[in-house]
Amino acid sequence: MTTETLTATVSTVTEKKATESAKAYDKSLAGTYVVTGNLNMRNGAGIDKSIITVLPKGTKVQNYGYIPCLTVSDGILFR
C-alpha cells in the first residue's frame, strides 16, 4: 500500500485597482509576459505614483493591449 501526500500552496488574492486608466491601445502588445525582476505596480503611470503591489520575478502577467502612457526615457520608448 502506498501513501501519497498532497501539498498545496494557497494564497489569498486581494484585488487592488489603480485610479488612472490606460492612455492608449495597441493590439500587437497583447499577450502573456513573464516579469524579469520585481515589478512595482503603481497607481498610475510614472514613478511619482504610489506602489499598490509588487509582482515578484517570474510572475506571469496578461497584457490585453492597453498601455498606460507613451514616454521616452534615456532614448528608450516606453509604451
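A residue is called buried when its relative accessible area is under 20%, exposed when over 50%, and partly exposed in between. These legends describe a predicted model.

**Figure 1. The whole chain is built from strands, without helices.** The predicted model has eight strands and zero helices. Read along the sequence, the pattern is β-β-β-β-β-β-β-β. The chain has 79 residues, and 10% of them are buried. About 7000 Å² of the chain is exposed, and 54% of that area comes from carbon and sulfur atoms. Among contacts between residues at least 6 apart in sequence, 55% join residues at least 24 apart.

**Figure 2. Close-up of the salt bridge between Lys 49 and Glu 20.** A search of the whole structure finds one salt bridge. In this pair, the closest N and O atoms are 2.8 Å apart. The two residues come from distant parts of the chain, with their positions 29 residues apart in the numbering. Lys 49 belongs to the loop between β3 (39–42) and β4 (51–55), while Glu 20 belongs to the segment before β1 (24–25). Lys 49 has a relative accessible area of 27%, so it counts as partly exposed. Glu 20 is also partly exposed, because its relative accessibility is 30%.

**Figure 3. Close-up of Asn 43 and its surroundings.** Asn 43 lies in the loop between β3 and β4. Is Asn 43 buried or exposed? Its relative accessibility is 17%, and the limit for a buried residue is under 20%, so Asn 43 counts as buried. A polar atom of the Asn 43 side chain lies 3.0 Å from the backbone nitrogen of Thr 19. Leaving aside neighbours within four places in sequence, Asn 43 is in contact with Lys 17, Ala 18, Thr 19 and Glu 20, and also with Lys 49, Ser 50 and Ile 52. Both partners of the salt bridge, Lys 49 and Glu 20, are therefore among the residues that Asn 43 touches.

**Figure 4. Close-up of Gly 31 beside Gln 62.** Gly 31 is part of strand β2, which covers residues 31–34. Which residues does Gly 31 contact, leaving aside its neighbours within four places in sequence? They are Val 61, Gln 62 and Asn 63. Gly 31 and Gln 62 are 31 residues apart in sequence, but their C-alpha atoms are 5.8 Å apart in space.

Conventions
Residues are numbered from 1 along each chain as its sequence is written. This is a predicted model: local features need pLDDT of at least 70, side-chain atom pairs count only at pLDDT 80 or more; totals for chains, interfaces and linings use all residues. Side-chain values use heavy atoms; hydrogens and water are left out. A salt bridge is a side-chain nitrogen of Lys or Arg within 4 Å of a carboxyl oxygen of Asp or Glu. Helices (H or I, at least four residues) and strands (E, at least two) are DSSP runs, numbered from the N terminus. Buried means under 20% relative accessible area, exposed over 50%, partly exposed in between (1.4 Å probe, protein chains only). Contact means heavy atoms within 4.5 Å. A polar contact is a pair of N or O atoms within 3.5 Å; within protein, one must be able to donate a hydrogen and the other to accept it, and residues adjacent in sequence count only if both atoms are side-chain atoms. Accessible areas come from the Shrake-Rupley method with a 1.4 Å probe; for residues, only the protein chains shown count as cover.
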